[in-house]
2 protein chains.
Amino acid sequence: MCELLGMSANVPTDICFSFTGLMQRGGKTGPHRDGWGIAFYEGRGCRTFHDPAPSAESEIARLVQRYAIKSRIVISHIRRANRGRVCLENTHPFSRELWGRPWTFAHNGQLRGVKRLPLGGYRPIGSTDSEHAFCWLLGRIRARFPDPPRQSARLWRHIHTLSQELNERGVFNFLLSDAHYLYAHCSTELSWLTRRAPFGQARLTDADMTVDFQQETTPNDVVTVIATRPLTANEAWTVMTPGVMTLFGAGAAVATFGG
Amino acid sequence: MCELLGMSANVPTDICFSFTGLMQRGGKTGPHRDGWGIAFYEGRGCRTFHDPAPSAESEIARLVQRYAIKSRIVISHIRRANRGRVCLENTHPFSRELWGRPWTFAHNGQLRGVKRLPLGGYRPIGSTDSEHAFCWLLGRIRARFPDPPRQSARLWRHIHTLSQELNERGVFNFLLSDAHYLYAHCSTELSWLTRRAPFGQARLTDADMTVDFQQETTPNDVVTVIATRPLTANEAWTVMTPGVMTLFGAGAAVATFGG
């Protein structure tokens, strides 16, 4: 199993605090020693950092913690390998371009027989079930919508339908972004929390670290954090219902599908 | 204009020395202040670092210099913007997947009217001529070879033909990798150097730094470095002829096309 971390914000925001919590679970407070990765959306672009080394000991993870990259959408993942060996190409999040937009995907769970699903134009580079599922998903989206549909809700519903199809094969908690929205699908375990004014203090569960968000934010900031398990002990996280996909945009939940 | 740096090696090798030289040209000894990027192939995967900030001042560039990532193929680029504003999505190298392999591309030059070329399945995320040219190139390769050809030389010749077609539109110095080989195309300016035993000392032109490669290598290592302009003053670089594409594999020049 693995752990997921996502962020949606209405203004470019750093994720240093939550990322610090997650990284502890990569070999320190948690057993997720088999690499980690993070994708930051900035403007139309996206940059990713990947490391097959345990996050708690990773030089690159320390850089990401220290160097506050500001982003509106972030997807991160720490891995405990079940399928696919520990190497760079098996490290989430995975990225592909569709419609001239960078899409990224990170998955927690296992899917039976997913590699038998026929692929369209996207092919996996590594050997994980997760990347195969992502390639299948994007291929299906592209087959249905060679160009982005005018009504975004058509795309959202299609992604939810495809998610349900994959979910029947096992455990399919995921975070996905199309560069505009963040899609969070709960198969078994996923929680989220929206922070907005009045901001308070937050205390990490996994590290001795407290942040007073009032010092760090402006009154108009809206930021949602999504994680496999809540990262703070003193805030009210929403625990998602299995089968539900929630769509986040500009820091807030925009729509919910299923459940 | 921009500067390119590439490496091909027969064993995973770090590029710290050459990268240190290049980074000086990003705002210190050279005017290439508009961002930089680097792609490292590791196993079947590839990781990239991008920063729209000047390389001479970049926190991420310092990490890459310090943290010796070992790779068989590296492509790096420092940018002086002519077309396309300074932002993450316009920062080279660009990456796309084809045949389940990560392809990367970095370009030095300008191409007239390249954005009028019709694209296949790959679309640019940013607004540079370079990314459009890369998408066109990959789309054409995929149209001709939906699967990789058995005879690699057919692919190489096709890439050279496509390069000549683009070269007619202006200046098209580039580095390209299909995860197996490194393709270096000289339109106006590109040089390379192969280091092998007996190794000697190398002295950077752009920074006060000397490396004794005998201390850093084994007798079987073969490493080629490719750069817009030679990075060292005391070694014999091969200055490429305009119109020539040289293919590098496992550290050495494998084939030459055109010229």
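Is A:Ala179 buried or exposed, and how many other C-beta atoms lie within 10 Å? I took this residue as my point of entry into the structure, which is a predicted model.

**Entry 1. Residues with positive phi**

I found A:Ala179 to be buried, because 22 other C-beta atoms lie within 10 Å and the cut-off for burial is 20 or more. I located A:Ala179 in the loop between β7 (173-177) and β8 (182-185) of chain A. Its phi is near 80 degrees, a positive value in a residue other than glycine.

I then looked up A:Ala250, which also is not a glycine and has a positive phi of about 50 degrees. A:Ala250 sits in the loop between β14 (245-249) and β15 (252-257) of chain A. I counted A:Ala250 as partly exposed, because it has 16 C-beta neighbours inside 10 Å.

**Entry 2. Cis peptide bonds**

I checked two peptide bonds that precede proline. The bond from A:His92 to A:Pro93 is cis, with omega near -10 degrees. I placed A:Pro93 in the loop between β4 and β5 of chain A.

In chain B, I noted a cis bond from B:Ala197 to B:Pro198, with omega near -5 degrees. B:Pro198 belongs to the loop between β9 and β10 (201-203) of chain B.

**Entry 3. Chain A as a whole**

I recorded five helices and 15 strands for chain A. Its C-alpha atoms fill a box of roughly 50 × 40 × 30 Å along the principal axes. I compared the radius of gyration of chain A, 17 Å, with the value near 18 Å for a compact globule of 259 residues, and the two agree. Of the 259 residues, 50% count as buried. Among the contacts in chain A with a separation of 6 or more, 68% join residues 24 or more positions apart.

**Entry 4. The sheet of chain A**

I traced an open sheet of seven strands in chain A, in the order β3-β2-β4-β1-β12-β9-β13, with antiparallel pairing. The edges are β3 and β13 (238-239) of chain A; each has a single partner strand, so one side of each is left without a neighbour in the sheet.

Within this sheet, I followed strand β2 (residues 36-42) of chain A, which is joined to strand β4 (residues 71-78) of chain A by six bridges and runs antiparallel to it. I noted that A:Ala39 has A:Ile75 as its bridge partner in β4(A).

Helix α1 (residues 16-24) of chain A packs on the sheet and touches β1 (3-13), β4 and β12 (222-227) of chain A. The direction of α1 makes about 170 degrees with that of β1(A). I found that α2(A) also packs on the sheet, touching β2 and β3 of chain A, at about 140 degrees to the direction of β3(A).

**Entry 5. A pair of partners in chain B**

I turned to strand β9 (residues 191-196) of chain B, which pairs with strand β12 (residues 222-227) of chain B in the antiparallel sense over six bridges. β9(B) is also joined by two bridges to strand β13 (residues 238-239) of chain B, again antiparallel. I used B:Trp192 to see both pairings: its bridge partner in β12(B) is B:Ile226, and in β13(B) B:Trp192 stands opposite B:Thr238.

**Entry 6. The contact between the chains**

I noted 25 residues from chain A and 25 residues from chain B in the contact. On the side of chain A that touches chain B, the elements giving two or more residues are β3 (45-51), α2 (59-66), β5 (94-98) and β6 (101-108) of chain A. I sorted the residues of that side into ten nonpolar, six polar and nine charged.

I looked up the relation of the copies as well. A rotation of 180 degrees with 0.0 Å of shift along its axis superposes chain A on chain B, with an RMSD of 0.0 Å. The two copies are therefore related as by a two-fold rotation axis. The same surface serves both copies, since 100% of the contact residues of chain A recur in chain B.

**Entry 7. A:Arg47**

I closed with A:Arg47, which lies in strand β3 of chain A. A:Arg47 counts as buried, because it has 23 C-beta neighbours inside 10 Å. Leaving aside neighbours within four places in sequence, I found A:Arg47 in contact with A:Phe40, A:Glu42, B:His50 and B:Leu88. A:Arg47 and A:Val74 are 27 residues apart in sequence, and their C-alpha atoms are 9.8 Å apart in space.

Definitions and conventions: Residues numbered from 1 in each chain as written. Chains lettered and ligands numbered in written order. Predicted model: local features only at pLDDT ≥ 70, side-chain atom pairs only at ≥ 80, totals over all residues. Contact = placed C-beta atoms within 7 Å. Helix = DSSP H or I, 4+ residues; strand = E, 2+ residues; numbered from the N terminus. Nonpolar A, V, L, I, M, F, W, Y, C, P; charged D, E, K, R; others polar. Least-squares fit on C-alpha atoms with pLDDT ≥ 70 in both. Pairing = 2+ DSSP bridges. Rg over C-alpha atoms; globule rule 2.2 N^0.38 Å. Buried ≥ 20, exposed ≤ 12 C-beta atoms within 10 Å, placed from the backbone. Axes fitted to C-alpha atoms, helices over the stretch in contact; angles between N-to-C directions.
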